[in-house]
Amino acid sequence: MSDTRTYSLHTHTCGQLRASDIGEEVVLTGWVWRRRDHGGLIFVDLRDRTGVTQLAFDPDHSGGEAFHTAEQIRPEWPIMVTGVVRHRPEDTANPNLETGEIEVIVSNIVVLNSSKTPPFPIEDGIETAEDTRLRYRYLDLRRPELQRNLKVRNDFTFAMREAMHAERFLEVETPSLGKSTPEGARDFIVPSRTQPGNFYALPQSPQLLKQLLMVAGVERYYQVAKCFRDEDLRADRQPEFTQVDVEMSFVTEDDVIGMMEHVLGKAFAAVGVDFPAPLRRLNYWDAMDTYGSDKPDTRYGMTLMDVSDIFRASNFKVFASAASTEGSCVKCINAKGAGAWPRAQIDKLEDVAKKLGAKGLAWIAFREDGSVNSPIVKFFSDAEMDALKERAGVEPGDLVMFAAAPRLEADEILGGMRTHMADALDVPREGHDFLWVVDFPMFKYDQEHKRYAAEHHPFTLPTGDLGLIETNPLAVGSATYDFVMDGFEAGGGGLRIHNADLQMRVLKRMGFSEEKAAEQFGFLLEALSFGAPPMGGFALGLDRVCMLLVGAPSIRDVMAFPKTASGSDLMLGAPSEVSAAQLKDVSLSIN
């Protein structure tokens, strides 16, 4: 590996010099960050992506020409300086800088370019509107905070590549122009010029192609893959994103999980994060029933409690009905401290619950003075209240919230309320929380389209009694595993169907006719008939993991050139109109 003196205008970077370099003549390049004129002495903070070095200019050492140039330069001008490293004067050392013991007394300066005044300060913690930052993203990226984020992303990704290479994985690129499939999010489609009326699709993931690589005998594959989904955006989603995609042949579920823990351990270690492998594994239903989420943050409590037995004979008919109906239940969570909230603040929680699918929100506030406030408490007997207090660990100042609904619906409502209340109460969530959620159901029922759909995707290996695929699909399990980090789904995978007949059964259960299945997935079905091996894989959401590593509020802060929440690139002006001639080339017209 070459050092900083090779293939560069400079001999050292701005974050490199230390007291051990004192007396050495050096050449530095970078951007003027701050300039301070002390009359007969000028100080300049020179910045590059590695850090900051203080430059000193005085007429005795720098000469008249260099000193005069130092008087002219302004922030964000790129310059090159030659000088000698020396100790900073007594009492001027900066312990907050790695280069804070030294400065460079400049003998020569070359201005490489000038700069207009930036539209916002090149500083961390600025309050500039995000749209402005994205419009001038090349300036925003100069800020040390974003430079650090990009370095963390680089170091983490490089460590994963190294670990994969050491374990005999081949990095194989898959195409960006592929076939549109009806499952999952909406595709971005690309019209074909040479085949009018036909379209490519940008990949939502390399899922089917990596399975074909296993059929091809590659055995261990990975790719740092760019993926595309035309879906509504939020803080942890973008229309194009990056995943570390992995597939292995001749493996069990434990083999894949064990390998990924080994690789992830290397990657997290590279960015200074402890990864306590082997990780805990939570069964899907245990996660849902305890935390109300298949991606739980277990760094805090406020877990769900089933209180159906307490209210089965209650005078509150909503609870009694749910507690006595098969498949339904009454559950609650205890938000400690929220019982002291004003009634108006508690009432607003009903809107939160309705957005989560609830018809309303039943609650009981146990005030700090020992009183109880609730619109439903009048229906409960003393025995029911005593049992609730014991079950939920109620203390003065607690707010107990309920959901009476089918099991999964109750879990999801209270899981959403749990997350909302943790944010509202500023519940501490220290360090990182890693775990696996395993054994997801194979199918779910899609109420909108009135059919069964895959919980993960249709190529996942079903488990348990496969005869239930046709008769009771919701009882069928799957060999799946999601990697959860800090309450986010950071990755996931599973074993794959490697038998064509079983794959067709799953597709039929999802409403595909044989003709439609052949049209959409004929290439896969045919490949599986040529001795496909047992296989399994994993995909890590690189953007999301890096967001959590640096503590950023959005994945936009760990991507070099992200889109806005509406999917726009304000810097490039995309998406944009194209000419009539371009549309004609691909046989399209816009009405």
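A residue is called buried here when its relative accessible area is under 20%. In this predicted model, Gly15 has a relative accessible area of 12% and is therefore buried. This glycine belongs to the segment that precedes strand S1, residues 25-37. Leaving aside residues up to four places away in sequence, Gly15 touches Asp48, Thr50, Gly51, Val52, Glu98 and Thr99. A quite separate relation is that of Gly15 to Glu577: these two residues are 562 apart along the chain, and their C-alpha atoms are separated by 44 Å.

The setting for these details is a chain of 591 residues, of which 47% count as buried. Its secondary structure comprises 18 helices and 24 strands. Taken along the principal axes, the box filled by the C-alpha atoms is roughly 95 × 75 × 55 Å. Among contacts between residues at least 6 apart in sequence, 68% join residues that are at least 24 apart.

Two of the residues touched by Gly15, Asp48 and Thr50, reappear in the description of the second largest pocket. This pocket contains about 950 Å³ of space. Its lining is made up of 26 residues, and those nearest its centre are Asp48, Arg49, Thr50, Gly51 and Gln147. Two or more lining residues come from each of S1, strand S2 (42-48), strand S3 (51-57) and helix H4 (144-166). Of these elements, H4 provides the largest share of the lining, with 7 residues. Classified by residue type, the lining of the second largest pocket has 12 polar, 8 charged and 6 nonpolar residues.

An enclosed space can be considered next. In the whole structure, the search finds 1 cavity of 30 Å³ or more. The volume of the largest cavity is about 40 Å³. Its lining consists of Leu134, Arg137, Phe561, Pro562, Asp569 and Met571. By class, the lining of this largest cavity has 4 nonpolar residues and 2 charged ones, with no polar residues.

The strands offer a further route through the model. An open sheet is formed by 8 strands in the order S6-S9-S10-S24-S23-S22-S17-S11, with mixed pairing. Strand S6 (170-171) and strand S11 (281-283) occupy the edges; each has a single partner strand, so one side of each is left without a neighbour in the sheet. Within this order, strand S10 (residues 240-249) and strand S24 (residues 535-541) run antiparallel and are joined by 7 bridges. One position in this pairing is Val246, whose bridge partner in S24 is Phe538.

Another set of pairings centres on strand S16. Of the 9 residues of S16 (residues 398-406), 7 are buried, so this strand is largely enclosed by the rest of the structure. Strand S13 (residues 328-336) runs antiparallel to S16 and is joined to it by 9 bridges. Strand S14 (residues 362-366) also pairs with S16 in the antiparallel sense, here over 4 bridges. Val400 of S16 takes part in both pairings: Val400 is the bridge partner of Asn334 and also of Ile364.

Helix H9 (residues 317-324) can be read together with these strands. Phe319, Ala320, Ala322 and Ala323 of H9 are buried. The cover over the buried residues of H9 includes helix H8 (308-311) together with S13, S14 and S16. S16 thus has two roles in this account, as a strand paired with S13 and as part of what covers H9.

The cysteines complete the description. A disulfide is a covalent bond between the sulfur atoms of two cysteines. The structure holds 0 disulfides, and two cysteines illustrate the reason. For a pair to count as a disulfide, the sulfur atoms must lie within 2.5 Å. The closest cysteine sulfur to that of Cys227 belongs to Cys546 and is 15 Å away, which is too far for a bond. The converse holds for Cys546: the closest cysteine sulfur is in Cys227, again at 15 Å and too far for a bond. Cys227 is buried, with a relative accessible area of 0%. Cys546 likewise counts as buried, because its relative accessibility is 0%.

Notes:
Residues numbered from 1 in each chain as written. Predicted model: local features only at pLDDT ≥ 70, side-chain atom pairs only at ≥ 80, totals over all residues. Heavy atoms only, no water. Buried < 20%, exposed > 50% of the residue type's maximum accessible area, 1.4 Å probe, protein only. Contact = heavy atoms within 4.5 Å. 1 Å grid on protein atoms, 1.4 Å probe; cavity = no way out; pocket = protein on both sides within 12 Å on 5 of 7 lines; lining within 4 Å. Points joined across faces, edges and corners; volume = space filled by probe spheres on them. Nonpolar A, V, L, I, M, F, W, Y, C, P; charged D, E, K, R; others polar. Pairing = 2+ DSSP bridges.
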